[in-house]
Amino acid sequence: MQIIYLVAGGRAGSDFFQGFLDGHSQILQFPGIINHGILRIFKSDKAEEIAKKFIQYHPQFFNSKLSGRERHDRLGEKKNKFYKISKQKFIKEFVILLNNKKITKYRIIKYLHLAYNYSSSQKKGKKKIIFLHTHLYLFTKKLMKFLNFKNTSIIFTYRHPVASISAAIKNWLKFKNGSSFFAGGYYFQLESVTQGIPNLIGLKKKLYIVQLEKLHRENKKVIMDFCRIFKIKYEKSMNKCTFHGH
């Protein structure tokens, strides 16, 4: 199975791009960004404990009302939709999948995704891709080194540098009236925009660029190019950006 890491170049539409893959019958993914907590789940050798720890570190995947920053609590045309996934069913499915099997990093990642797929209304079927939205370069580098999976690619979402930096500043100044935005945040955005591609090239994996402007203006072509490159079929669900169908 192919592993794809999604990295953002600073307010460059990584969440927007991921939304077009929602519900695809050949893709396994969680609806948003995974975080450093995923590294801690590998310390356990018990299936139920692994599943519970994953939920602990990613509660927004099971109740999108907790996902205010990415606005998954305001889905739908009227911005009044959200999604919930049964935690109990997820744990049960993961335990069944891992039952009597040797615990490996690959199986943990694969079965967490499959358990999530089985617990939701997402399409069942033969999966070809595990899609990991890691978002930040340093976390991506750390996770890739830790998992050390073969058949790995990276997608980097990019945007005109001026627009990217301006959008980031505007977003942070609006969040809690700018109380969380400092000079370090500004320099972080500059680093993401100017050094994102060189840094990712250094990881020595196949690297593909998705330009936000083209994703807006030539949407179908971008998505069809993605399907062609990764050898999956184009499905109607890819016509809209959604999360759990909303």
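**View 1. The cysteines C227 and C241 lie apart in this predicted model**. The sulfur of C227 is 15 Å from the closest cysteine sulfur, which belongs to C241, and this is too far for a bond. Because a disulfide requires two cysteine sulfur atoms within 2.5 Å, the count of disulfides comes to zero. C241, for its part, is in no disulfide, the nearest cysteine sulfur being that of C227. As for their surroundings, C227 counts as buried at 4% relative accessibility, while C241 counts as partly exposed at 31%.

**View 2. Two salt bridges are found within helix α2**. One of them joins the side chains of K52 and E48, with a distance of 2.9 Å from N to O, and these residues stand four apart in the helix, about one turn. K52 is partly exposed, with a relative accessible area of 44%, and E48 likewise counts as partly exposed, at 42%. The side chains of E49 and K53 also meet in a salt bridge, here at 3.7 Å from N to O, and this pair too is four residues apart in α2. E49 is partly exposed, its relative accessible area being 34%.

**View 3. A network of salt bridges links K221, D225 and R228**. Within this network, the side chains of K221 and D225 meet in a salt bridge of 3.1 Å, taken from N to O. K221 and D225 are separated by about one helical turn, because they lie four residues apart in helix α9, which covers residues 219-230. D225 counts as partly exposed, at 24% relative accessibility. In total, the structure holds six salt bridges.

**View 4. A positive surface patch includes K79 and K170**. The patch is formed by R11, R69, R71, K79, K170 and K174. K170 is found in helix α6, which spans residues 161-174, and K170 is exposed, with a relative accessible area of 56%. K79, by contrast, is found in the loop between α2 (47-57) and α3 (87-98), where K79 is exposed with a relative accessible area of 58%. The backbone of K79 has a positive phi of about 55 degrees, although this residue is not a glycine.

**View 5. K204 has a positive phi without being a glycine**. The phi of K204 is about 60 degrees, and the residue is found in the loop that runs between α7 (183-201) and β5 (206-211). K204 is exposed, with a relative accessible area of 74%.

Definitions and conventions: Residues are numbered from 1 along each chain as its sequence is written. This is a predicted model: local features need pLDDT of at least 70, side-chain atom pairs count only at pLDDT 80 or more; totals for chains, interfaces and linings use all residues. Side-chain values use heavy atoms; hydrogens and water are left out. Buried means under 20% relative accessible area, exposed over 50%, partly exposed in between (1.4 Å probe, protein chains only). Patches are made of residues with over 30% relative accessible area and no salt bridge: like charges are joined within 9 Å, nonpolar side chains (Val, Leu, Ile, Met, Phe, Trp, Tyr) within 5 Å. Accessible areas come from the Shrake-Rupley method with a 1.4 Å probe; for residues, only the protein chains shown count as cover. A salt bridge is a side-chain nitrogen of Lys or Arg within 4 Å of a carboxyl oxygen of Asp or Glu. Lys and Arg count as positive and Asp and Glu as negative; His and the chain ends are not counted. The place of a charge is taken as NZ of Lys, CZ of Arg, CG of Asp or CD of Glu.
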